[in-house]
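Q: Could you take me through one part of this structure up close, and then show me how that part sits in the rest of the protein? I'd love one connected account.

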Amino acid sequence: MERPAAPYDPAEHDPAETRLTITSPEQMRELGRRLAKLLRAGDLVMLSGELGAGKTTLTRGLGEGLGVRGAVTSPTFVIARVHPSLGDGPPLVHVDAYRLGGGLDEMEDLDLDVSLPDSVIVVEWGEGKVEELTEDRLQVVIHRAVGDTTDEVRHLTLTGLGERWADAGLETLTA
Ligand SMILES: Nc1ncnc2c1ncn2[C@@H]1O[C@H](COP(=O)(O)OP(=O)(O)O)[C@@H](O)[C@H]1O
Ligand SMILES: [Mg+2]
């Protein structure tokens, strides 16, 4: 008799983790284009890193890779911006959680005119605010070498949490 597949228990799995070094804004954008190929509707990507780390630059590449309408820019004066797909892929919802005080409730109040489970959601600075959207999420932490303002080197850690990311091919990004 075949055993039924055991439910996925996050406690029994190490999160999928990939580390990368990026040396220019263009390379960051290219990483976004490649990462986009791994993404699908319902995915949540959380970007962290100080101001100027490259979160929006990475998101710009994600938008290009997903083939969505409109240039991705810093959503400084809006909390979230929806970029519809130019094809039949998922829309990109780009959120700047810095201005999202109350977290998820506020996000649902935004009236984004888009279904979040049907979208790829990219959140800058969302720690502690949007985790409850889904147990599965990709966390991207961007570190910038301290002390040298002209330095274009960035160290990234991509951590895929949950079953969605257990075997999603994050390691192919290092190639
Ligand atoms: N390796 C790099 N990756 C991304 N941006 C870089 C890199 N090196 C320098 N930069 C510059 O740093 C800035 C990053 O800005 P942005 O992507 O808006 O950051 P954030 O959204 O994290 O505040 C841009 O001016 C970009 O040209
Ligand atoms: Mg930004």
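A: Let's start with glutamine 139, which, apart from neighbours within four places in sequence, is in contact with Met46, Thr159 and Leu161. This is a predicted model, and glutamine 139 belongs to its strand β6. Is glutamine 139 buried or exposed? It counts as buried because 20 other C-beta atoms lie within 10 Å, and 20 or more is the cut-off. Glutamine 139 also lies 8.5 Å from leucine 44, C-alpha to C-alpha, although 95 residues separate the two in sequence.

The pairing of β6 comes next. Strands β2 and β6 run parallel and are joined by four bridges. Within that pairing, leucine 47 stands opposite valine 140 of β6. Towards β7 the direction changes: β6 and β7 run antiparallel, with eight bridges joining them. One pair to look for there is valine 141 with threonine 157, its bridge partner in β7.

From these strands we can move into the nonpolar core. The largest such core has 35 residues, and Leu47 and Val140 are among those with the most contacts inside it, along with Ile121, Val122 and Val123. Two or more residues of this core come from each of α1, β2 (44-48), α2, β4 (92-96), β5 (120-124), β6 (137-144) and β7 (154-161). Valine 123 is a good residue to follow here: leaving aside neighbours within four places in sequence, its contacts are Met46, Leu47, Val95, Ala97 and Val130. Met46 is also a contact of glutamine 139, which brings us back to where we began.

Now compare a residue further along the chain. Alanine 168 sits in the segment that follows α4 (163-166). It is partly exposed, because 17 other C-beta atoms lie within 10 Å. Beyond its neighbours within four places in sequence, alanine 168 is in contact with Ala16, Leu38 and Gly160. From leucine 38 it is 130 residues away in sequence, yet 7.0 Å away in space, C-alpha to C-alpha.

Stepping back, the protein has four helices and seven strands, in the order β-α-β-α-β-β-α-β-β-β-α along the sequence. Of its 175 residues, 35% count as buried. Among contacts with a separation of 6 or more, 69% are between residues 24 or more positions apart.

The ligand brings in the helices. Ligand 1 is surrounded by 16 residues, the closest being Met28, Gly54, Lys55, Thr56 and Glu152. The elements giving two or more residues to this shell are α1 (25-36) and α2 (55-66), and α2 gives the most, with three. By type, the shell divides into five nonpolar, seven polar and four charged residues.

Finally, a word on confidence. The mean pLDDT of the protein is 88, with 89% of residues reaching 70 or more. Confidence is highest in α1, at 98, and lowest in helix α3 (residues 104-108), at a mean of 67. Where pLDDT is low, the predicted coordinates should not be read in detail.

Note on methods
Residues are numbered from 1 along each chain as its sequence is written. Chains are lettered from A and ligands numbered from 1 in the order in which they are written. This is a predicted model: local features need pLDDT of at least 70, side-chain atom pairs count only at pLDDT 80 or more; totals for chains, interfaces and linings use all residues. A residue is near a molecule or strand if its C-beta atom, placed from the backbone, lies within 6 Å of it. Ala, Val, Leu, Ile, Met, Phe, Trp, Tyr, Cys and Pro count as nonpolar, Asp, Glu, Lys and Arg as charged, and the others, Gly among them, as polar. pLDDT is the predictor's confidence in each residue, from 0 to 100. A nonpolar core is a set of buried Ala, Val, Leu, Ile, Met, Phe, Trp, Tyr and Cys residues joined through C-beta atoms within 7 Å. A residue is buried if 20 or more other C-beta atoms lie within 10 Å of its own, exposed if 12 or fewer, and partly exposed in between; C-beta atoms are placed from the backbone. Two residues are in contact if their C-beta atoms, placed from the backbone, lie within 7 Å. Two strands pair if DSSP finds at least two bridges between them.
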